Amino acid sequence: MTAFQKRSDYLPFSKPTIGDEEIAEVADSMRSGWLTTGPKTQRFAEAFKNYIGCKYAVPLNSATAGLHVAYIAAGARPFDEIVTSAMTFASTANTILHAGAKPVLADIEVETLNVSPDTLKAVFSPATRIIVPVHFAGLPCDMDPILKLARERNAIVIEDAAHAVGAQYKGRKIGTIGDMTVFSFHPNKNMTTGEGGMVAGNDEQYREQLELLSFHGMNKNAWKRFSATGTPHYAIDIPGFKYNMLDIQAAIGLHQLVKIDAFNRRRAELVKRYYEAFSGIEELGLTKKPSYEHLHAWHLFAPLVRSEKLKIDRDGFMQALKELNIGTGVHYRAVHMHPLYEKLGFRRGQFPKAEYVSDRIVSLPLFPSMTEKDQEDVIAAVKQVIAKNLNK
Ligand SMILES: Cc1ncc(COP(=O)(O)O)c(C=O)c1O
């Protein structure tokens, strides 16, 4: 086999797929004179709600904002414990601190990278008030037993579905299952609004709080105040935040939403080829399908670099790919291994599976506009880096 040569251009690990429709819609907003929250944000929230099949959808400027307001809307109080995964982006836990509550972490399963009913149960206490399963890489957690556990303990379930727009659990769309579900539209995610997020749900009791919290605690948004049919008066009910989504963002989202299922199908096709290429390579750990019926959103293709079988570690593997002009990412360093969480008393050794994963996980390029040739390059480069670094 001839050696794989460095690519002439850099292949990023992720790239948003933006069409002329998105560009024209943003230009339309710019020309219209209405840039902030307005008619397009309303249309986008309505379209997203219909896509998910839930009762409400509250648009925000990020999923981080969504998690923050969801915890508060769920009634988080100081000293309440909010349990989430040790393997997530830090904002899932940081926002627990923002809400004034106590973050509690649960270990994951190495096979799925998700928390399980058992790992959650292991860290429950009488102070557990909210449970935040993270659908890692777009694979739905086992929600039925998680909901059962939560109900037994009177805990509220807020799903972190930042990776999981379009995912399904036992035929139900993510967004219709827990008490509230938070989605992200960051540019790396399965669909984007530039930056953005959405809190979706079926239980209307949270909706008003979410809306108030996302915009100053104001009982009318700017659109209702300044549009032809609005009135200029408003009242502040609670000290809310400035987390509203702009019409410029919603303009992108309106067109991304039409394409999300096609984007996810393309991701699944690419992942199938990765599995075919890598399943015989024991130095790469791939996630396994859980036995329950599900539709994976494949936000990430993130194998584990089994450094115990290689002469290089994960970072060495990433560096070798970078030298071949192939981009990678780390999603994520386990939450408790960040200095902030060490200061809060967490330490290495508490969540061995999350630590094993945190030291080895690498995101390989995966995005809908990736070509067959791009993927062949990644496969050839990965195989070459592994073959050169076997631990003989
Ligand atoms: C699991 C998870 N939760 C929350 C977030 C926060 O999303 P956003 O960037 O929209 O605030 C991310 C983003 O990377 C994430 O991966």
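Is Lys-170 buried, exposed or partly exposed? Good morning, colleagues. At 35% relative accessibility, Lys-170 counts as partly exposed. I should say at once that the model before you is predicted.

Let me stay with Lys-170 and its backbone. Lys-170 sits in the loop that links β6 (168-169) to β7 (172-173), and its phi is near 45 degrees, a positive value in a residue other than glycine. Most residues other than glycine have a negative phi. Phe-79 also has a positive phi, near 75 degrees. Phe-79 belongs to the loop between α3 (63-73) and β2 (81-85). With a relative accessibility of 75%, Phe-79 counts as exposed.

The two strands on either side of Lys-170 bring us to a sheet. β6 and β7 pair in the antiparallel sense, over two bridges. Within this pair, Gln-168 is placed opposite Lys-173 of β7. The sheet is open and has three strands, in the order β7-β6-β11, with antiparallel pairing. Because β7 and β11 (294-295) each have a single partner strand, they stand at the edges, and one side of each is left without a neighbour in the sheet. In general, strands of a sheet pair through backbone hydrogen bonds, either parallel or antiparallel.

I turn now to the ligand. How many residues surround the ligand? There are 16, and the closest are Thr-64, Asp-160, His-163, Lys-189 and Tyr-332. Three side chains deserve a distance each. For Thr-64, an N or O atom of the side chain is 2.5 Å from an oxygen atom of the ligand. For His-163, the distance between a side-chain N or O atom and a ligand oxygen is 2.7 Å. For Lys-189, a ligand oxygen again has a side-chain N or O atom at 2.7 Å. On its own the ligand has 390 Å² of accessible area, and the protein covers 93% of that area. Which elements give two or more residues to the shell around the ligand? They are α3 and α4 (90-98). By residue class, the shell divides into nine polar, five nonpolar and two charged residues.

One of the closest residues to the ligand, Tyr-332, has a further feature in its backbone. The peptide bond joining His-331 and Tyr-332 is cis, with omega at about 5 degrees. Most peptide bonds are trans. Tyr-332 is located in the loop between α10 (314-323) and α11 (339-343). In Tyr-332, then, a cis peptide bond and a place among the residues closest to the ligand come together.

My last topic is the cysteines. A search of the whole structure finds zero disulfides. Why does Cys-54 form no such bond? The closest cysteine sulfur to that of Cys-54 belongs to Cys-141 and is 18 Å away, which is too far for a bond. Seen from the other end, the sulfur of Cys-141 has that of Cys-54 as its closest cysteine sulfur, at 18 Å, and this too is too far for a bond. Are these residues buried or exposed? Cys-54 is buried, with a relative accessible area of 8%, and Cys-141 is buried as well, with a relative accessible area of 0%.

To close, I return to the ligand: the protein covers 93% of its accessible area, and Thr-64, His-163 and Lys-189 are among the residues closest to it. Thank you for your attention.

How values were computed: Residues numbered from 1 in each chain as written. Predicted model: local features only at pLDDT ≥ 70, side-chain atom pairs only at ≥ 80, totals over all residues. Heavy atoms only, no water. Helix = DSSP H or I, 4+ residues; strand = E, 2+ residues; numbered from the N terminus. Buried < 20%, exposed > 50% of the residue type's maximum accessible area, 1.4 Å probe, protein only. Near = heavy atom within 4 Å. Polar contact = N/O pair within 3.5 Å; in protein donor to acceptor, adjacent residues only side chain to side chain. Areas by Shrake-Rupley, 256 points an atom, 1.4 Å probe, with all protein chains shown as cover. Nonpolar A, V, L, I, M, F, W, Y, C, P; charged D, E, K, R; others polar. Disulfide = S-S within 2.5 Å. Pairing = 2+ DSSP bridges.
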